[in-house]
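The following exercises concern one protein chain. Please study the sequence and the structure before reading each solution.

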Amino acid sequence: MFEKVETYKLLAELRSRASRVGEGKLNILLFGAPGCGKGTHSEWLKAEMGLCHISTGDALREEIASGSELGKKVEGILTRGELVDDQTVLDIVAGKMARNPKAPGYLLDGYPRTLEQARSLDALLAEKNSRITAVLYFKASEDTLKFRICGRRIHKASGRTYHVVNKPPKVEGKDDVTGEDLMQRPDDNEQSLVTRLKTFYEQTAPLLDYYGEQHILNTFNADEEAASVKRDVQAVLKIGGQQ
Ligand code: ADP
C-alpha cells in the first residue's frame with residue numbers, strides 16, 4: 001500500500017510517529033510519608049493497570065541484599081532513614097524505564113523525593129515525549145504513620161506484609177503461607193522513623209507545591225482503611241468499580 005507514497009513523505013511520517021512514542025503513557029506518581037500506604041496501593045495499581053512499577057526503595061534494598069558495591073554504599077543511609085544521593089536514584093529509575101520501554105506507563109513509588117529529583121524526572125520523561133499524568137498524595141497523620149511503620153512485619157521472600165495489631169499472622173512471627181520467619185525492616189523503628197519523617201517534611205513535602213501548581217496533584221485521606229482509599233483513587237482515575 002506504500003508503493004505510491006514518495007519516500008520523503010514516508011520518512012516524515014515515520015519521524016513524526018517516533019516522536020510521539022511516549023505520548024499517551026499513564027505515568028502515576030505515588031507520594032507520601034513512610035507508612036502512608038504507597039506500597040499497598042502500588043500492588044493493585046500495577047496489577048489492574050499493567051503499569052511498570054518503579055520503587056526506588058525496593059531497588060535499593062535489592063542492591064543491599066545482593067552485596068553489590070552500591071548496596072554497601074547505601075546500606076547505612078537506608079538504616080538511618082536518610083536520603084540516597086539524587087544521581088544514584090536517577091540512574092535506577094532511568095535504567096528501569098530503559099529496560100521496559102513498551103510499558104503502558106510507569107508507577108513511580110518513592111521517587112522523586114527532592115525538587116532536584118522532580119526536575120530530573122520531568123526531563124527524563126520529556127526525552128520520551130511523556131510526562132507525569134497524576135500525582136496521588138496519601139496524606140496521613142503522624143500517629144497513623146508511627147502505628148503502621150512500627151507494627152509492620154514482612155515476609156522477605158514473597159514481600160507479604162503484616163501488622164502486629166491490624167493484620168496479624170495466624171502464628172506470631174510466621175508467614176501464613178510458608179510458615180517462615182517474618183522480619184522487620186531495619187529502618188522500621190521509632191528512631192529511624194523520626195529521621196524519615198523529618199526528611200519527608202523538609203525535603204519531599206515541598207514537591208506538593210511543585211505538583212499543585214501543575215494541577216496534577218490529588219490528595220487522599222490515608223488515615224482511612226486501605227479499601228476506602230482504593231475506592232477514592234479509582235474514582236479519581238476513573239477505573240474499576242467507579243466507572
Ligand atoms: P518509605 O517510603 O517507607 O520510607 P521506601 O522503601 O520508599 O520507604 O524507601 C526506603 C529508603 O530508601 C528511604 O528512607 C531512603 O533512604 C531510600 N530512598 C528510597 N527512595 C529514594 C529517593 N527517591 N531518593 C533518595 N533516597 C531514597
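Accessible areas come from the Shrake-Rupley method with a 1.4 Å probe; for residues, only the protein chains shown count as cover. The model is predicted: local features require pLDDT of at least 70 and side-chain atom pairs pLDDT 80 or more, while totals for chains, interfaces and linings use all residues. Residues are numbered from 1 along each chain as its sequence is written, and side-chain values use heavy atoms, without hydrogens and water.

**Exercise 1.** State how much area the chain exposes and what share carbon and sulfur atoms supply.

Solution. The exposed area is about 13700 Å². Carbon and sulfur atoms supply 51% of this area.

**Exercise 2.** Determine the strand order of the open sheet of five strands, and explain why one side of E2 and of E7 is left without a neighbour.

Solution. Strands are DSSP runs (E, at least two residues), numbered from the N terminus; two strands pair if DSSP finds at least two bridges between them. The order is E2-E3-E1-E4-E7, with parallel pairing. Strands E2 (52-55) and E7 (217-221) stand at the edges, each with a single partner strand, so one side of each has no neighbour in the sheet. Four bridges join E2 to the parallel strand E3 (residues 106-109). In E3, Leu-108 stands opposite Ile-54.

**Exercise 3.** Name residues that Phe-138 contacts, leaving aside its neighbours within four places in sequence.

Solution. Contact means heavy atoms within 4.5 Å. With those neighbours set aside, the partners of Phe-138 include Leu-30, Phe-31, Phe-220 and Val-233.
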